[in-house]
Amino acid sequence: MSRPAPAGSLVARLVLLFVVGSAFIMAGAGYSLYHALRMRLEANDIIEMRGKGRVIELALQDVKGPETLQGAIDRIAELPVGHPRFAVGVRSGGRWLLQPGPALAVAAVGPADSEAAHGYLEIESGGRSWLLHTIAHAWKGTQPGSIEVVMAVETTETRKLLKDHALVAALVAFLGTAASGLLAWFVARRGLAPLAHVAARAGEVTARRLGDRLDLQDAPLEVHGLADSINRMLERLEESFRALEQFSADIAHELRTPLNNLLLQTQVTLSRGRSPEEYRDALHSNLEELERLQRMVADMLFLARADRGMIELDVEAIDLRREIESLAEYFDAAAAEKAQRVLVKGEGRIRADRLMVRRAVNNLLSNAVRYSPAGAAIDIAISTDDEGCSVTVTNPGDAIPTEELRRLFARFARRDDSRGREIEGAGLGLAIVDSIMKLQGGSVQATSANGCVVFVLRFPTGKLADL
């Protein structure tokens, strides 16, 4: 199976995001400065034209007829003196009484006649730019008439200044973005160095070094959680690996005894000639060992499938009293040999897998009959409360130490006393009970006190059936 392609470098992503963000910021800052400079320069030109316009308006107030017009024109003609960027012209009846200059005189004819010129209008002529404004004046009397004063401020240098500023701003933005990219690369590399360290340390972990842990003392806050999660994962892996090693060792140990028995029995049988009856007895003995091996392998396969969630449950409504009583009848013969009694009391209904529930109770009953002394009474109590339904199996027996109770549901677990070792069994029964209850969403607990051993199966409320 091919490995998926890497999603890309985290450093490259961070640098790209930082560069894009810096480019937007610098572009926005450059545009804002350019726009502010342009508005300021235009405002200066308009302020200058308004000042000249007030002078022109004062001069035009004295124009009452043709006889006073020339004096006003002479005063207006003096305004450009000392102001090389300023030009002024006077028109009347479509002809220039005061020409503002050959190039501007031609370029300003059309725009000056437009209504927009009475505001402020930008025009271009001969590669030069102008800001144009027109002031109209009319008089009445025996010889009524009107004139238009055309003012213009050259903005060619202003335009060039703005263009140069735009180029410089673009260059600064480009260089700034490049510098921010280099800075982002350096910061990202330095900032993500702990991740590289964590990856390197994690890559050093092997089956023989599961006990190694990542150092959290100098880890940054952002990496601390990841390193802590990896450490906890390593703890779980180490625990699972040790359990697997122990399980493998237990399997080898448990399989060795029946295999040695089969091997020895077969060798003894074949050591010399035997009668048909002797061969038959040997085969029966081997059959018992093979059946034991078969049960052990089946139990181990069940536990392996349960651990991987490969068992499908056939959930249905179950009358616990009826199922447990039928199981108790099955154990009547074995219990009668030891003068034991199996007592069932209580009622309860659940929704669960019938075969799984029967197997769990069967294992508990089997242990109870096997470990209880002769003449003992084995009590099975069924109860229901708000939290769920319980099946409690109580039987007299020797006290079990707390340490043994903790590992009672482990695989291949047996009682440490000689009596427990003498009783036949692979030590998988209670492990199967624990797996079954987990599959059903329930739990199993064991306690030992007052000369009794108590096992409690708990089925949660969500698994209860309607009565």
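What should the 18 residues of helix 11 (residues 354–371) span at 1.5 Å a residue, and how far apart are its end C-alpha atoms? The legends below describe close-up views of a predicted model, starting with this helix.

**View 1. Helix 11 and its N-terminal cap.** The expected span of helix 11 is 26 Å, and its end C-alpha atoms lie 26 Å apart, in agreement. At the N-terminal end, aspartate 353 acts as the cap, with a side-chain oxygen 3.1 Å from the backbone nitrogen of leucine 355. The buried residues of the helix include Met356, Val357, Ala360, Val361, Leu364 and Leu365. Asn363, Ser366 and Asn367 are also among the buried residues of helix 11.

**View 2. The aromatic pair of tyrosine 330 and phenylalanine 331.** The structure holds 2 aromatic pairs. In the pair shown here, tyrosine 330 and phenylalanine 331 meet edge-to-face, 5.4 Å centre to centre and with 90° between the planes. Tyrosine 330 is exposed, at a relative accessible area of 62%, whereas phenylalanine 331 is buried, at 9%.

**View 3. The aromatic pair of phenylalanine 409 and phenylalanine 455.** These two rings are also edge-to-face, with centres 6.3 Å apart and planes at 90°. Phenylalanine 409 lies in the loop between helix 12 (402–406) and helix 13 (418–422), and phenylalanine 455 lies in strand 12 (residues 452–460), so the pair ties together parts 46 residues apart in sequence. Phenylalanine 409 has a relative accessible area of 18% and is buried; phenylalanine 455, at 7%, counts as buried too.

**View 4. A salt bridge between arginine 85 and glutamate 48.** The structure holds 16 salt bridges. In this one, the closest N and O atoms of arginine 85 and glutamate 48 are 3.6 Å apart. The bridge links distant parts of the chain: arginine 85 is in the loop between helix 2 (66–77) and strand 1 (86–92), and glutamate 48 is in helix 1 (residues 10–60), with these positions 37 residues apart in the numbering. Arginine 85 is partly exposed, with a relative accessible area of 30%, and glutamate 48 is partly exposed at 21%.

**View 5. Salt bridges within helices 9 and 14.** Arginine 321 and glutamate 325 form a salt bridge at 2.6 Å, N to O. They are 4 residues apart in helix 9 (residues 320–330), so about one helical turn separates them. Glutamate 325 is partly exposed, at 33% relative accessibility. In helix 14 (residues 429–439), aspartate 434 and lysine 438 are likewise 4 residues apart, about one turn of the helix. The closest N and O atoms of their salt bridge are 3.3 Å apart. Aspartate 434 counts as buried at 18% relative accessibility, while lysine 438 is exposed at 58%. Elsewhere, salt bridges with shared partners join Glu316, Glu323, Arg354 and Arg358 into one network.

**View 6. Valine 150 in strand 5.** Valine 150 lies in strand 5 (residues 145–154) and is buried, with a relative accessible area of 2%. Its C-alpha atom is 5.6 Å from that of valine 88, although the two residues are 62 apart along the chain.

**View 7. A nonpolar surface patch.** Leu183, Trp185, Phe186 and Val187 form this patch, which has about 430 Å² of accessible area in total. Tryptophan 185 belongs to helix 5 (residues 156–191). The relative accessible area of tryptophan 185 is 46%, so this residue counts as partly exposed.

Definitions and conventions:
Residues are numbered from 1 along each chain as its sequence is written. This is a predicted model: local features need pLDDT of at least 70, side-chain atom pairs count only at pLDDT 80 or more; totals for chains, interfaces and linings use all residues. Side-chain values use heavy atoms; hydrogens and water are left out. Patches are made of residues with over 30% relative accessible area and no salt bridge: like charges are joined within 9 Å, nonpolar side chains (Val, Leu, Ile, Met, Phe, Trp, Tyr) within 5 Å. Accessible areas come from the Shrake-Rupley method with a 1.4 Å probe; for residues, only the protein chains shown count as cover. A salt bridge is a side-chain nitrogen of Lys or Arg within 4 Å of a carboxyl oxygen of Asp or Glu. Helices (H or I, at least four residues) and strands (E, at least two) are DSSP runs, numbered from the N terminus. Buried means under 20% relative accessible area, exposed over 50%, partly exposed in between (1.4 Å probe, protein chains only). The expected span of a helix is 1.5 Å times one less than its number of residues. A polar contact is a pair of N or O atoms within 3.5 Å; within protein, one must be able to donate a hydrogen and the other to accept it, and residues adjacent in sequence count only if both atoms are side-chain atoms. Rings of Phe, Tyr and Trp (its six-membered ring) pair if their centres lie within 6.5 Å; planes under 30 degrees apart count as stacked, over 60 as edge-to-face and the rest as tilted.
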